[in-house]
Amino acid sequence: AGSVRKSGVVQKQGSGRGLFGNRKWKTKLLVVKAGVVAYFDDLEVTRENFAARLIALGPDCRVERKKCDGKEARNWRGAIVAPSGPEAASLLLVTPAREYVFGCETDADADAWVGAIQAE
């Protein structure tokens with residue numbers, strides 16, 4: 001079972017894959033618990049709110065701060081978050097199946113998510 005290590009609202013960038021795939025940012029509830037990262041379309045925890053995706057964290061997964069070029073050094077709202085640095089307030093979760101990009105309000109938020117996922 002295990003307890004929730006971290007939960008909160010983030011932005012998730014679309015993968016751009018599939019017939020209707022796009023790279024738009026969407027608001028999600030993100031939860032890290034017991035070796036799993038789950039994200040939900042609804043932002044409240046209820047019995048009816050089922051996970052949109054469960055991502056099992058295994059030895060072949062990694063999480064890191066997303067490296068961005070100067071054009072991407074913005075948060076999901078379009079505000080510049082790292083005007084002189086190579087990182088924006090986002091993180092990259094890499095699994096064998098695909099990569100997930102989650103955007104946060106601040107660098108500290110992104111760092112906290114990376115730490116919580118690495119701790120699992």
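Leaving aside its neighbours within four places in sequence, which residues is Gln13 in contact with? In this predicted model, the partners of Gln13 beyond that window are Arg23, Lys24, Trp25 and Val101. Gln13 itself belongs to strand E1, which covers residues 4–13. With a relative accessibility of 14%, Gln13 falls under the 20% limit and therefore counts as buried.

From this single residue one may turn to the chain as a whole. Its secondary structure consists of 1 helix and 7 strands. Read from the N terminus, the order of the elements is β-β-β-β-β-β-β-α. The chain has 120 residues, of which 38% are buried. Among contacts with a separation of 6 or more, 45% are between residues 24 or more positions apart. The chain exposes about 7200 Å², and carbon and sulfur atoms supply 51% of that area.

The interior is the next topic. In soluble globular proteins, nonpolar side chains tend to be buried together. Here the largest nonpolar core holds 17 residues, and those touching the most other members are Leu30, Val37, Leu91, Leu93, Phe102, Trp113 and Ile117. At least two residues of this core come from each of strand E2 (25–33), strand E3 (36–40), strand E6 (87–94), strand E7 (99–103) and helix H1 (107–119). Helix H1 provides the largest share, with 4 residues. Phe102 illustrates the contacts made by one of these core members. Not counting residues up to four places away in sequence, Phe102 touches Val10, Gln11, Lys12, Trp25, Leu30, Tyr39, Ala89, Ser90, Leu91 and Leu93. Two of the residues in that list, Leu30 and Tyr39, appear again in the strand pairing described next.

Strands E2 and E3 pair in the antiparallel sense over 5 bridges. Within this pairing, Leu30 has Tyr39 of E3 as its bridge partner. The two strands form a hairpin with 2 residues between them. Ala34 lies in the loop between E2 and E3, and its phi is near 50°, a positive value in a residue other than glycine. The relative accessible area of Ala34 is 45%, between the limits of 20% and 50%, so this residue is partly exposed. On its other pairing, E3 is joined by 4 bridges to strand E4 (residues 53–56), and these strands also run antiparallel. Val37, listed above among the core residues that touch the most other members, has Ile55 in E4 as its bridge partner. Strand E3 is largely enclosed by the rest of the structure, because 4 of its 5 residues are buried.

Charged side chains supply a further set of links. Side chains of opposite charge can pair when their charged atoms come close. The count of salt bridges in the model comes to 5. One of them joins Arg5 and Glu120, whose closest N and O atoms are 2.5 Å apart. This pair connects distant parts of the chain, since Arg5 is in strand E1 and Glu120 is in the segment after H1, 115 residues apart. Both ends are partly exposed: Arg5 has a relative accessible area of 45%, and Glu120 has a relative accessibility of 30%.

Arg65 takes part in two further salt bridges, which involve Asp107 and Asp111. The side chains of Asp107 and Arg65 meet at 2.9 Å, N to O. Asp107 is in helix H1 and Arg65 in strand E5 (residues 62–67), 42 residues apart. For Arg65 and Asp111, the closest N and O atoms are 2.7 Å apart. Because Arg65 lies in E5 and Asp111 in H1, this pair ties together parts that are 46 residues apart in sequence. Salt bridges with shared partners thus join Arg65, Asp107 and Asp111 into one network. Arg65 is buried, with a relative accessible area of 9%, whereas Asp107 is partly exposed at 32% and Asp111 is partly exposed at 43%.

The account closes with helix H1, in which Ala119 is placed. Ala119 is partly exposed, its relative accessible area being 45%. The C-alpha atoms of Ala119 and Val32 are separated by 9.7 Å, although these residues are 87 residues apart along the chain.

Methods: Residues numbered from 1 in each chain as written. Predicted model: local features only at pLDDT ≥ 70, side-chain atom pairs only at ≥ 80, totals over all residues. Heavy atoms only, no water. Buried < 20%, exposed > 50% of the residue type's maximum accessible area, 1.4 Å probe, protein only. Contact = heavy atoms within 4.5 Å. Core = buried A, V, L, I, M, F, W, Y, C linked by side-chain atoms within 4.5 Å. Areas by Shrake-Rupley, 256 points an atom, 1.4 Å probe, with all protein chains shown as cover. Pairing = 2+ DSSP bridges. Salt bridge = Lys/Arg side-chain N within 4 Å of Asp/Glu carboxyl O.
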